[in-house]
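Grab a pencil and let's work through a few exercises together. Each one starts with a task, and the solution follows step by step.

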Amino acid sequence: MGRRIESEQSTKPSLVPYFFFLLPLLVLIANHHCSFPPSNTTPGPNPRRDPGRPAMDPYRHRPSSGNNSSFWTTNSGAPVWNNNSALTVGQRGPILLEDYHLIEKLAQFDRERIPERVVHARGASAKGFFEVTHDVSHLTCADFLRAPGVQTPVIVRFSTVVHERGSPETLRDPRGFAVKFYTREGNFDLVGNNMPVFFIRDGMKFPDMVHAFKPNPKTNLQENWRIVDFFSHHPESMHMFTFLFDDVGIPLNYRHMEGFGVNTYTLISRDGKPHLVKFHWKPTCGVKCLLDDEAVTVGGTCHSHATKDLYDSIAAGNFPEWKLYIQTIDADHEDKFDFDPLDVTKTWPEDIIPLQPVGRMVLNKNIDNFFAENEQIAFCPAIIVPGIHYSDDKLLQTRIFSYADTQRHRLGPNYLMLPVNAPKCAHHNNHHDGFMNFMHRDEEVNYFPSRFDPARHAEKVPIPPRVLTGCREKCIIHKENNFKQAGERYRSFDPARQDRFIQRVVDALSDPRVTHEHRSIWISYWSQCDASLGQKLASRLNLKPNM
Ligand code: HEM
């Protein structure tokens, strides 16, 4: 067999003489190509001979971040020899359907937008690290809090709440303050706001509340009468309005604002002892706000002023930093107060439940890509690590469901595979497939239990030991105490700040579609917070205070 091939080959004419004849011509052509400076409009090098092109390993999957060819290609990697003109019949003729590159380019462009977040659509992200500065290992077995000096990478997304993705960052609105800790035991998301309380205490009301804040579905305008109308049914919101209508309702930028976990979580020690916990971020550069007329000027000049401030500060090496504090309550003492500590419309008074320092967070790196690290990032209050658990806070319990649900819709079922969302530690389970699954797997055993798969259960994680009992019911909490903390906060303002606050309430209640009944109810609520506040509002609105 081998011999026969040898003899067949020997009968073919040799190509060697032709090669020597063609060599000078090839050199001439190659030199001619090289004599033009490379530009994005001149033809590129031949893909098969381009020494700059990384070698292809057909047995490896291209990393999802691979955008590394020195010449244009289609998404499937074929060389694109003209990225300027569509393929037409003749010079002026119609475009051919076979211009696959053009069609792919347009189709990709047509699908560039993904659904924006239903709330907190407008945001800015940055990366950095969290460092433990104080020992809290007696309170929690969370690995990333195990000892002073331990550092954990983080990414933070700041946001406004109500308006759309391109809205001005100077509007009066709470600000989101969401931190993703990439710990060795999985991600921990602390999804907070810049105000320590919330408008409502039962998640059942969240969609209606957001509808009331969002633009009128008919006019597409945010209208105060809808907000005043909705909250006239919710006296528990007054405390939150003492933040929203205060100066902190428009932060100077994202660097100069506090952050709060808002909801109550549970810290659990290694031996299973639970403590209710609230988280607080304090900016080292202080809290600063924009007054209303300043906000108009700043917003009129740059509607992305807070994004720009964050990016520019980090780029200039002026790294934003926050200190993390916690307040803790022994889980057995939760009935000791005149308010319910799991009521998200309440703060825990710092004179009786002091702030305890835990660590610091420094944002020292800007994101590389806004879409990948801001639009595709997915925070979720349900994402916790061993040593941190939820509490029975009803609003938190609702949030545990809502975020991952919206993200499966907004980003697809494999959203946790996206690089910004994926844990940085190893992971293993049999959840697989689904739209846009890009994980390469080659296992044959995708069920559990199996004698072929050596993966075991992790070590048992301590969870709150409390025995839960009760019948099924839909009800409100017993200790509503809607007005006390709101009044205390109003009284803590200096007179000028009180006056600015009153003016903002008056402006909201002056909407022509706000009725006499609405105004009376709101003034009655504010009177119960603080009698003098009720009187001032009533006199500015020409109403009798109604206790
Ligand atoms: C039951 C009450 C709540 C529900 C149902 C709810 C629901 C949602 C939803 C659906 C999103 C969009 C998430 C996404 O598309 O990725 C979101 C975003 C967000 N929520 Fe809530 N939320 C609630 C209360 C709160 C509270 C009390 C806070 C503050 C502690 C908060 C802070 C945030 C933040 C910061 C974001 C933006 C996260 C990011 O930057 O991507 N939410 N919320």
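A polar contact is a pair of N or O atoms within 3.5 Å; within protein, one must be able to donate a hydrogen and the other to accept it, and residues adjacent in sequence count only if both atoms are side-chain atoms. The model is a predicted one, where local features need pLDDT of at least 70 and side-chain atom pairs pLDDT of 80 or more, while totals for chains, interfaces and linings use all residues. Residues are numbered from 1 along each chain as its sequence is written, and side-chain values use heavy atoms, with hydrogens and water left out.

**Exercise 1. Find the protein donor to the iron atom of the ligand.**

Step 1: Donors are N, O and S atoms within 2.8 Å of the metal (3.2 Å for Na, K and Ca); water is not among the atoms, so sites may look incomplete.
Step 2: The protein gives the iron a single donor, the OH of Tyr403, at 1.8 Å.
Step 3: Now place Tyr403: it sits in helix α10, residues 394–411. (Helices are DSSP runs of H or I with at least four residues, strands are E runs with at least two, and both are numbered from the N terminus.)

**Exercise 2. Describe the polar contacts and the shell around the ligand.**

Step 1: Start with Tyr403 again, where an N or O atom of the side chain is 2.7 Å from a nitrogen atom of the ligand.
Step 2: Gln407 puts a polar side-chain atom 2.9 Å from a ligand oxygen, and His120 has one 3.3 Å from a ligand nitrogen.
Step 3: Zoom out: 24 residues surround the ligand (a heavy atom within 4 Å), and Arg117 and Arg157 are among the closest.
Step 4: Helix α10 gives the most to this shell, with eight residues.
Step 5: Sort the shell by class, and you get 10 nonpolar, 10 polar and four charged residues. (Ala, Val, Leu, Ile, Met, Phe, Trp, Tyr, Cys and Pro count as nonpolar, Asp, Glu, Lys and Arg as charged, and the others, Gly among them, as polar.)

**Exercise 3. Work out how α4 packs on α5.**

Step 1: Axes are lines fitted to C-alpha atoms, for helices over the stretch in contact, with angles from 0 to 180 degrees between N-to-C directions.
Step 2: The axes of α4 (residues 206–213) and α5 (residues 224–231) come within 8 Å and cross at roughly 150°.
Step 3: So α4 is roughly antiparallel to α5. (Under 35 degrees is roughly parallel, over 145 roughly antiparallel, 65 to 115 roughly perpendicular, and the rest oblique.)
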